[in-house]
Every structure is written in C-alpha cells, then in structure tokens.
Amino acid sequence: MTNSAVKKRSIGTSGIQASVVGLGTWAIGGWMWGGTDEQQSIAAIQASIDDGISLIDTAPAYGMGLSETIVGKAIKGRRDEVVLATKCGLVWHTTKGNYFFDQDDKPVHRYLGAGSIAHELEQSLKRLGTDHIDHYITHWQDQTTPIADTMETLIRLKEQGKIRSIGASNVSQEDLNAYVESGAIDAIQEEYSMVRRDIEKTLLPIAKANNVSVLSYSSLALGLLSGKVGPDRIFAADDQRQGNPRFSQANRQKVAHLVRDVAPIAKVHDVSIAQLVIAWTVHQPGITFSLCGARDAAQARENAAAARLTLADDERDFIGEAVDRHLVDLDR
C-alpha cells in the first residue's frame, strides 16, 4: 500500500489535527443495527486507536447514551490519543423543540436551547469519562431556536474549556450561512459518498470559502459500496436495507459494474474495494474527513488502513470517471 503513515488534517481553524478517517459509532450504539456487543465494540475502538485512528465520533442519540458509554470505557487511559467528537440537539429529557422520532418508547425532539445544550454536555462528559469534548456538533437543526442563540451557547462553552471546536450536522445552505456569520463554526458533518454527492454543489462551496472542514459520513452507503453486497444478496426482514430503494437489484448491479472497473486499482495497492472507496472519498475536493463505522476489530483495522492509502491523480480520475459512468440515476 502506498504510504505507511495515517494522514491527518485540521478541523477548521481550531488547530486540532485528526486522522482523515474517523471511527463512527452509530452502529456501536445498537440502535437500528440489531443491538450491540460491548466487548466487541470496545475491541473495535481500541483497534482503531492502535492503528492510528484518532478521530472518534459518537452521539447521545446512538442508543440513548449507550454508544458514548462504550466509547468512554474504550478510551479510558487513552484520552490523549483521541480527538473526541460528540453531539447535542436530539433530546429526550424535555419535549421542547420539534418532535422527531421515538426511541426505546421515548419521544426524541430536536432542541438546541441554551439550558438543554448545557445539560446534554454534562451528561456526555460523564458518559465519556472526560472533562472536555474536542469537537462538539449540533446533531440536527432546531427551527425553534435561532442559530445565533445556539452559537452563543456553544461559544460560551468553548470559552469555559468544555469544548474545543464547534460543528453542525445535517444543515441546509441557509443554516450553514447562519453558522458562518457567527464566525466560529469549524466543521460540518454531512452524508457524502459516490452515490450521494449533492453537497458538492450546495454546502462544499460555502465550506471552502470559509475554512470550514467537512466530516463526511456513510462513505460506504450502508455497505452498498463495500464490494460485499452483490446483486443477488437477500436482506433479512429486520435489516434496515430491506426495502430501501438505494439497495434495489438494479442499483446493486450498477455498483457491481463499478467494482469490476476499479478492482485493478485496488489490486495494485493490495487493498479491498471498501478501502479504495474510503480513500477516494477523502481525496475529493472539500472532503476533509471520512467517518466509517466498525462493529469489530477486523473492520476497524480495515478502515484504518484506508487512511494510509494515497491515490495518484490518474487513479483518482479513473475512479471518478467510473463513478460518473455507472452510478448515475440511482434510486434513492
């Protein structure tokens, strides 16, 4: 594989450096993923750190605090090796804001009021076993609280040393412009992959113009781009991909054609298709980091290796042309 060191980049203008591939821990929380195995999850987190991954992303909503609790156990004694990101704004301690969904028979609301953010942060610090969060992110946007008010709260927490940088996730162009006007936004976290490139025309130009980093999630599109989900795959009834239009047989056939075309590049670098896709993602203009989930140590190590892979310009162009050729007009 080209290069042996894990690549690092800065989170906005915060001065915080993190690995270009991060560990996303939604699946570790078990919610919508068929539960979780705590010891296996801890092993995945520790394997990521062992292999040079410093960026660990979690959220209270991932299993109603379970993901944060597991992350806290995994990083105990290794806090200085980790750039820790978590979130606020999806709450079940209050019914203020806008109702979003039910989890564990509890209503979850989008809410970013000052008192609620302060409460959430204290709960996250306790679960994670730390006195500060490196990157604190508004998980979903709350239309009942002005972004200027939310930012005022986050800036105050930053001044207190409880958070070190500020992020926002699942934003519109209008939302991002409002955050930028505050002068303190370091990064956004958005879905981005070979099959979901909308932000190239909407959010990335704003981010680039204002030194805002981009943490992309779902780089493998729930496994569609992993090279392991072929046209003949049958999904279990409780698999969230069952019935998802993106996983139609026609779409999986298109992905199979892409895999066929880019496989020689993967072979040259001695990497898997998934590693090639992750590396391609962080090579895209404007994409700073790629957050990738892992349920066990083997998956974690595979993802970490992608952070060491450097693609030549002609390889990146070839993959991009194959994406344009095969992954157009995919069902959503």
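Visitor: Two strands pair if DSSP finds at least two bridges between them, so how many bridges are there between β5 and β9?

Guide: Four, and this is a predicted model, by the way. Strand β5 covers residues 83-88, and the two strands pair in the parallel sense.

Visitor: Who does T86 face in β9?

Guide: The bridge partner of T86 there is Y136.

Visitor: And what does Y136 stand opposite in β10?

Guide: I166. Strand β10 is residues 166-169, and three bridges join β9 to β10, with the two running parallel.

Visitor: How are the two faces of β9, covered or open?

Guide: Both are covered. H135 and I137 are on one side, Y136 and T138 are on the other, and all four are buried. In a regular strand the side chains alternate between the two faces of the sheet.

Visitor: Which hand does the unit made by β9, α4 and β10 have?

Guide: Right: those three elements make a right-handed β-α-β unit.

Visitor: New topic, then. Which strand order does the open sheet with β6 have?

Guide: The order is β6-β8-β7, so three strands in an open sheet, with antiparallel pairing. The edge strands are β6 (90-91) and β7, each of which pairs on one side only.

Visitor: How many bridges hold β6 and β8 together?

Guide: Two, in the antiparallel sense, with β8 spanning residues 106-110. L90 has R110 in β8 as its bridge partner.

Visitor: What else is R110 up to, say with its charged end?

Guide: The charged end of R110 sits over the ring of F100, 4.0 Å from the ring centre.

Visitor: OK, aromatics. How many aromatic pairs are there?

Guide: Taking rings as paired when their centres lie within 6.5 Å, the count comes to three aromatic pairs. One of them is F100 with F101, a tilted pair at 5.1 Å centre to centre and 50° between the planes.

Visitor: Why does that pair count as tilted?

Guide: Because planes under 30 degrees apart are called stacked and those over 60 edge-to-face, and the rest are tilted. The 50° of F100 and F101 falls in that last group.

Visitor: And are those two buried or exposed?

Guide: They don't get the same label. F101 is buried, with a relative accessible area of 16%, while F100 counts as partly exposed at 26% relative accessibility.

Visitor: What kind of pair do F100 and W140 make?

Guide: An edge-to-face one, at 5.1 Å centre to centre with 65° between the planes. This pair links distant parts of the chain: F100 is in strand β7 (residues 98-103) and W140 is in the loop between β9 (135-138) and α4 (147-159), 40 residues apart.

Visitor: How open is W140?

Guide: W140 is partly exposed, with 26% relative accessibility. Together, F100, F101 and W140 form one aromatic cluster.

Visitor: Let's jump to T25. Where is T25 found?

Guide: In the loop between β3 (21-24) and α1 (38-50). T25 has a relative accessible area of 0%, so T25 counts as buried.

Visitor: Which side chain does the side chain of T25 make a polar contact with?

Guide: That of T58, at 3.2 Å. A polar atom of the T25 side chain also lies 2.8 Å from the backbone oxygen of D57.

Visitor: What else is T25 in contact with, leaving aside neighbours within four places in sequence?

Guide: Besides D57 and T58, the list has I56, Y62, S67 and V71.

Visitor: Any odd backbone angles? What's phi for A221?

Guide: About 50°, so positive, although A221 is not a glycine. Most residues other than glycine have a negative phi.

Visitor: What about phi of L222?

Guide: Phi of L222 is positive too, near 55°.

Visitor: Which loop holds A221?

Guide: The one between β12 (213-217) and α7 (249-269), and L222 lies between β12 and α7 as well. A221 is buried at 1% relative accessibility, whereas L222 is partly exposed at 26%.

Visitor: Last one: is D105 buried or exposed?

Guide: Exposed, because its relative accessibility is 79%. D105 is in the loop between β7 and β8. Its C-alpha is separated by 46 Å from that of D261, which is 156 residues away along the chain.

Terms used: Residues are numbered from 1 along each chain as its sequence is written. This is a predicted model: local features need pLDDT of at least 70, side-chain atom pairs count only at pLDDT 80 or more; totals for chains, interfaces and linings use all residues. Side-chain values use heavy atoms; hydrogens and water are left out. Rings of Phe, Tyr and Trp (its six-membered ring) pair if their centres lie within 6.5 Å; planes under 30 degrees apart count as stacked, over 60 as edge-to-face and the rest as tilted. Buried means under 20% relative accessible area, exposed over 50%, partly exposed in between (1.4 Å probe, protein chains only). A charge sits over a ring if NZ of Lys or CZ of Arg is within 6 Å of the ring centre and within 35 degrees of the ring normal. A polar contact is a pair of N or O atoms within 3.5 Å; within protein, one must be able to donate a hydrogen and the other to accept it, and residues adjacent in sequence count only if both atoms are side-chain atoms. Contact means heavy atoms within 4.5 Å. A crossover is right-handed if, with the strands pointing away from the viewer, the path from the first strand over the helix to the second runs clockwise.
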